Amino acid sequence: MFAGRIFARLVAPAFVSQFRTFSSSAARQTKVAVLGAGGGIGQPLSLLLKMDPFVSSLSLYDIRGAPGVAADVSHIDVTGAVRGYTADHLDEALDGAEVIVIPAGVPRKPGMTRDDLFNTNASIVRDLASAIARVSPQAHILVISNPVNSTVPIVAATLEKAGVFDPRRVFGVTSLDVSRAARFLSEITAKDPKESVVTVVGGHSGVTIVPLLSQSPSAKDISGEAYEKIIHRIQFGGDEVVKAKDGAGSATLSMAYAGARFTHAVLRGLRGHKNVITPSFVKSPLFADQGVDFFSSKVELGPNGVEKIHPVGDLSAEEEKLLAACLPDLKKNIEKGKAFVAQA
Ligand SMILES: NC(=O)c1ccc[n+]([C@@H]2O[C@H](COP(=O)([O-])OP(=O)(O)OC[C@H]3O[C@@H](n4cnc5c(N)ncnc54)[C@H](O)[C@@H]3O)[C@@H](O)[C@H]2O)c1
Ligand SMILES: O=C(O)C[C@H](O)C(=O)O
């Protein structure tokens, strides 16, 4: 299948062999919904998901523009249904969806923090999560909307309120940080980004993003100013794009790539593939004793979502400091999200 091969090359180079196996025998049907499909991320993400041979049906929802995106994407010569839904058809869009990706909400402009988006995006995400709780409570929910450190707790608390929260099935998408880290490291080491993979833990904003360079063989020797520089670049990579777009939004294309890769990992887990390990911001016991009960670290995915949460592993003295700086901010962001749902 041509699109399957292209997708495998573009989005999932590590998984080419699995694609070949499954694209010929794609027996399992998986409906994937994108909420916010008309936006800067939603459109290219919908395109990439349409090319994923594990997606048998694509449901595109937005308060504006989704039918147009669906009509456009549906002309790609791969099997599988594509439907676009307008504002008053959210329930239909969600019906039967096994995986729901949420890039709905406003992006940053220069000078803003992700937390500045809270006032607008918190209620968008909460209302979408309420609808999911009612219509498709078993779905795996992948949250892209910022501030991720708060929107994921909002989704979790909304589902909890409705009595349907399963911590194995709610994910904050932090894979763009991992993509950036590999890319930025490869620019220093002159190696392929595939050989420059960096574990990134914590949350998804500024100092809550904690890159663990000491765990990457090709990064171990980076020290001093070079170390400070790459850490700052990974933590504030989003700002580079916001600044360059100069008021026209934040990362969309790289996010669509990272989101499609993460969705593919979830779909592999659903299909029972083994050793599907990828970072995600999930309900986590790792630092719960310090009041931080959502945290991004490597998680192992399976048919029910998160099967296992990996510990952060050995940290260097610098990384201990980065983690110490992360936890208080992350705690505040998480509490803000929970309080928003509690007071509604
Ligand atoms: N997790 C990450 O790493 C990451 C990376 C980049 C961007 N983001 C975030 O993703 C979000 C979207 O960014 P974008 O650039 O696509 O923005 P955008 O403005 O281009 O698109 C957002 C879309 O959401 C839609 N929308 C608004 N309210 C909605 C609702 N109630 N239901 C459904 N759709 C709704 C809008 O109509 C729009 O089409 C932002 O919050 C941004 O900060 C996260
Ligand atoms: O920077 C942003 O606001 C968008 C996103 O979170 C990113 O990391 O690119």
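**View 1. Strand 2 is mostly covered in this predicted model**. The strand spans residues 57-61. Four of its five residues are buried.

**View 2. Strand 1 and strand 2 pair side by side in the parallel sense**. Strand 1 covers residues 31-35. Five bridges link strand 1 to strand 2. Across this pairing, Val 34 stands opposite Leu 60 of strand 2. The connection between the two strands includes helix 3, residues 42-50. Strand 1, helix 3 and strand 2 form a β-α-β unit, and its hand is right.

**View 3. Strand 2 also runs parallel to strand 3**. Strand 3 holds residues 81-85. Five bridges join strand 2 and strand 3. Here Tyr 61 faces a second tyrosine, standing opposite Tyr 85 in strand 3. Helix 4, residues 66-73, belongs to this step of the chain. With strand 2 and strand 3, helix 4 makes a right-handed β-α-β unit.

**View 4. The shell around ligand 1 contains 33 residues**. Those that come nearest are Gly 39, Gly 40, Ile 41, Ala 104 and Asn 146. By class, the shell divides into 16 nonpolar, 14 polar and three charged residues.

**View 5. Two domains contribute to the shell around ligand 1**. Domain 1 spans 30-172, and domain 2 spans 174-343. Each domain supplies at least three residues of the shell. Among the elements, helix 6 gives the largest share. Helix 6 runs over residues 118-135 and provides three residues of the shell.

Technical notes: Residues are numbered from 1 along each chain as its sequence is written. Chains are lettered from A and ligands numbered from 1 in the order in which they are written. This is a predicted model: local features need pLDDT of at least 70, side-chain atom pairs count only at pLDDT 80 or more; totals for chains, interfaces and linings use all residues. A residue is near a molecule or strand if its C-beta atom, placed from the backbone, lies within 6 Å of it. Ala, Val, Leu, Ile, Met, Phe, Trp, Tyr, Cys and Pro count as nonpolar, Asp, Glu, Lys and Arg as charged, and the others, Gly among them, as polar. Domain bounds come from an automatic or database domain assignment. A residue is buried if 20 or more other C-beta atoms lie within 10 Å of its own, exposed if 12 or fewer, and partly exposed in between; C-beta atoms are placed from the backbone. Two strands pair if DSSP finds at least two bridges between them. A crossover is right-handed if, with the strands pointing away from the viewer, the path from the first strand over the helix to the second runs clockwise.
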